[in-house]
Amino acid sequence: MNGRVEYLVTEEEINLFRGPSGLGFNIVGGTDQQYVSNDTGIYVSRIKEDGAAAQDGRLQEGDKILSVNGQDLKNLLHQDAVDLFRNAGYAVSLKVQHRVQVQNGPLGHRGEGEPSGIPVAMVLVPLFAVAVAAAWAIMRYRQRL
């Protein structure tokens, strides 16, 4: 392990419909309150339970919002971003960047002595159960002879 954390970055277009409590999420970030060091982007800080975003299910806490209804969110003050969301209308299109942490290191090949990822009990217990069932069936069959 090299100590680095690696991420898979994907982008997605998410269309939400404003509900009684708005779009159903809170944001952080902006040029005046950076949430991520050296990044003035706007991030989802909280998904509100039963809100439009929670019901849709694709937007996650920590996602970076790149644009709202096609308008880029780069280099905005936090309050300007909040105002943009508030004035976005009923149907809102978000371009979102998801960052998913990926496993560190190669997949597949494992060195000698390294675990395979499957606990031994998950293999031995079913084999033992099959052996017991087979022994019981043989004994029952012999009793009938």
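**Exercise 1. The surface patch**

In which helix does Leu127 lie? Work out how exposed this residue is and which residues share a nonpolar patch with it.

*Solution.* Keep in mind that this is a predicted model.
- Start with the location: Leu127 belongs to helix H3, which spans residues 120-144.
- Next, take the accessibility. Leu127 has a relative accessibility of 54%, and the cut-off for exposed is over 50%, so Leu127 counts as exposed.
- Finally, add the partners: Val120, Val123, Leu124 and Leu127 make a nonpolar surface patch of about 380 Å².

**Exercise 2. The overall layout**

List the elements of the protein in order, then describe its surface and its contacts.

*Solution.*
- Count the elements: the protein has six strands and three helices.
- Read them off from the N terminus and you get β-β-β-α-β-β-α-β-α.
- Now for burial: of the 145 residues, 27% are buried.
- The exposed surface comes to about 10,400 Å², with 54% of it supplied by carbon and sulfur atoms.
- For the contacts, take those with a separation of 6 or more; residues 24 or more positions apart account for 63% of them.

**Exercise 3. The largest nonpolar core**

Find the residues that touch the most other members of the largest nonpolar core, and trace the core back to its elements.

*Solution.*
- The core holds 22 residues, and those touching the most other members are Phe25, Leu59, Ile65, Val68, Phe85 and Leu94.
- Two or more residues each come from strands S1 (6-17), S2 (25-29), S3 (42-47), S4 (64-68) and S6 (91-102), and from helix H2 (78-86).
- H2 gives the largest share, four residues.
- Zoom in on Leu94. Leaving out residues up to four places away in sequence, Leu94 touches Glu12, Glu13, Ile14, Leu16, Phe25, Leu59, Ile65, Ser67, Val68 and Phe85.

**Exercise 4. Aromatic pairs**

How many aromatic pairs does a search of the whole structure find? Classify the Phe17–Tyr90 pair and the Phe25–Phe85 pair, and say what each ties together.

*Solution.*
- The search of the whole structure turns up three aromatic pairs.
- Phe17 and Tyr90 sit 5.6 Å centre to centre with 40° between the planes, and that makes the pair tilted.
- Phe17 is in strand S1 and Tyr90 in the loop between H2 and S6, so this pair ties together parts that are 73 residues apart in sequence.
- Tyr90 itself is exposed, at 58% relative accessible area.
- Phe25 and Phe85 are also an aromatic pair, 5.6 Å centre to centre, but with 90° between the planes; call this one edge-to-face.
- Since Phe25 lies in strand S2 and Phe85 in helix H2, the pair ties together parts that are 60 residues apart in sequence.
- Check both rings for burial, with under 20% as the cut-off. Phe25 is buried at 10%, and Phe85 is buried at 8%.

**Exercise 5. Two positive phi angles**

Place Asn69 and Asn75 in the chain, and say what stands out about their backbones.

*Solution.*
- Here's the background: most residues other than glycine have a negative phi.
- Asn69 has a positive phi of about 50° although it is not a glycine.
- Asn69 lies in the loop between S4 and strand S5 (71-72) and is partly exposed, with a relative accessible area of 38%.
- Asn75, also not a glycine, has a positive phi of about 55°.
- Asn75 is found in the loop between S5 and H2 and counts as exposed, with a relative accessible area of 60%.

How values were computed
Residues are numbered from 1 along each chain as its sequence is written. This is a predicted model: local features need pLDDT of at least 70, side-chain atom pairs count only at pLDDT 80 or more; totals for chains, interfaces and linings use all residues. Side-chain values use heavy atoms; hydrogens and water are left out. A nonpolar core is a set of buried Ala, Val, Leu, Ile, Met, Phe, Trp, Tyr and Cys residues joined through side-chain atoms within 4.5 Å. Buried means under 20% relative accessible area, exposed over 50%, partly exposed in between (1.4 Å probe, protein chains only). Contact means heavy atoms within 4.5 Å. Rings of Phe, Tyr and Trp (its six-membered ring) pair if their centres lie within 6.5 Å; planes under 30 degrees apart count as stacked, over 60 as edge-to-face and the rest as tilted. Accessible areas come from the Shrake-Rupley method with a 1.4 Å probe; for residues, only the protein chains shown count as cover. Patches are made of residues with over 30% relative accessible area and no salt bridge: like charges are joined within 9 Å, nonpolar side chains (Val, Leu, Ile, Met, Phe, Trp, Tyr) within 5 Å. A salt bridge is a side-chain nitrogen of Lys or Arg within 4 Å of a carboxyl oxygen of Asp or Glu.
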